[in-house]
Amino acid sequence: MIRTKIIATGACVPEQVITNEDLSKIVDTSDEWITTRTGIKERHISKGENTSVLAIGTAKMVMERAKVAPEDVDLVIVASVTPDYGTPTLGCMIQKELGLVNAVAFDVVAACSGFMFAMSVADKYIKTGVYRNAIIIGAETLSKIINWEDRATCVLFGDGSGGAFVEASEEGGILAEELGSKGELWEILTEGHINCANAFNDLKIEDDPEYFVHMDGRSVFKFATKTVVKSVANVLEKVGLTKEDINYVVPHQANSRIIDVVADKLDMDRDKFYMNMDRYGNTSSASVPMALNEMNEKGMIKRGDKILLTGFGGGMTWGTMLIEW
Ligand code: UT7
């Protein structure tokens, strides 16, 4: 049976590191509040690098690690809520920069669940034999859509990109998945609204207050814990596995308290949940592939390991994917 298997991983972040201490100089907050509520200590913030720079850096790294030639790449899918442009897509910008002349490239939008959505789309093409391989990237420059005067949101997010090279394989790969969306809750987490300013009305693009991230933190917290727990249980049930069969869970790196609740409700060993939000904050669609890449670089993952990737985010959306390494 043909499955979609991760062959290589990679990541790329801006150099500039902003600590909780740095943030306490621009808004009324403290290292103590941010650390105890979120587990975040620092994050990488763009000095001007846009999302394409991070996405291209990651794509280059996964290609080098997978030892694939530019002309042999079939598909590029980027998940992002903060692309450089409405058009072109980040996928097309990667294609040009890396000379992927035979690939088809496009972006998907599913906020922090985006990497799982992009993997799922690639999986369908690969399983059906349409394409043999794909570069899958999650990339964000959230710093450009954050209101830096809103302490409730500006302390949570960071910039970064992570990704994988996947290809058709007879062994391992994606074993099961669940994607979901609950549009009725969309108003609890929004960003990037573009109003209808034009030459024949009084609206002004720059006057749109909804351009910046707006979040009802408590509602998102409730949604996240409930949804992730159910989704993980559903995916395990689909393949007849139990939590004991799982080597690692790579959750969306939003908040360590959410992960504590999820581990507790699933009655799973907290040590199986990989976390690096202390150094990167919440990087939305980039968070799961960045964490997976870090584990891979540390040599933590071995052949045959079963790993759950799981995320939730704006939409509201969620995605859980069980992979065998
Ligand atoms: O990928 C998207 C994922 N998003 C999330 O995962 C967010 C999920 N939600 C959360 O993680 C939490 O709701 C937050 C960390 C965002 C907030 O924690 P909370 O315990 O729900 O705090 P709160 O919003 O209820 O605020 C409690 C207090 C308020 O003060 P008062 O009204 O009690 O006086 C806030 O004004 O904390 C205050 N506060 C802050 N204080 C210091 C809010 N932000 C800050 C801050 N520093 N940065």
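This report looks at the empty space and the nonpolar cores inside a predicted model.

## The cavity

Let's begin with the space that the atoms leave empty. The model has 1 cavity of 30 Å³ or more, and the largest cavity holds about 60 Å³ of space. Its lining is made up of V228, V249, P251, H252, I258, I259, V262, F273, T310, G311 and F312. Three elements give two or more residues each to this lining: the strand β11 (248-251), the helix α8 (256-266) and the strand β12 (306-313).

What classes of residue line the largest cavity? There are 8 nonpolar and 3 polar residues, and no charged ones.

## The largest nonpolar core

In soluble globular proteins, nonpolar side chains tend to be buried together. Here, the largest nonpolar core has 43 residues, and I246, V262, L266, F273, L308 and F312 have the most contacts inside it. Among the elements that supply at least two residues to this core are α7 (217-239), α8, β12 and β13 (317-324). The largest share comes from α7, with 8 residues.

A second, separate core has 29 residues, including L75, V108, M295 and L309.

## A closer look at F312

F312 is a good residue to find in the structure: F312 lines the largest cavity and is listed among the residues with the most contacts inside the largest core. Leaving aside neighbours within four places in sequence, which residues is F312 in contact with? They are C112, S113, V220, F223, A224, V228, H252, A254, I258, T317 and W318. Of these contacts, V228, H252 and I258 also belong to the cavity lining.

Definitions and conventions
Residues numbered from 1 in each chain as written. Predicted model: local features only at pLDDT ≥ 70, side-chain atom pairs only at ≥ 80, totals over all residues. Heavy atoms only, no water. 1 Å grid on protein atoms, 1.4 Å probe; cavity = no way out; pocket = protein on both sides within 12 Å on 5 of 7 lines; lining within 4 Å. Points joined across faces, edges and corners; volume = space filled by probe spheres on them. Helix = DSSP H or I, 4+ residues; strand = E, 2+ residues; numbered from the N terminus. Nonpolar A, V, L, I, M, F, W, Y, C, P; charged D, E, K, R; others polar. Core = buried A, V, L, I, M, F, W, Y, C linked by side-chain atoms within 4.5 Å. Buried < 20%, exposed > 50% of the residue type's maximum accessible area, 1.4 Å probe, protein only. Contact = heavy atoms within 4.5 Å.
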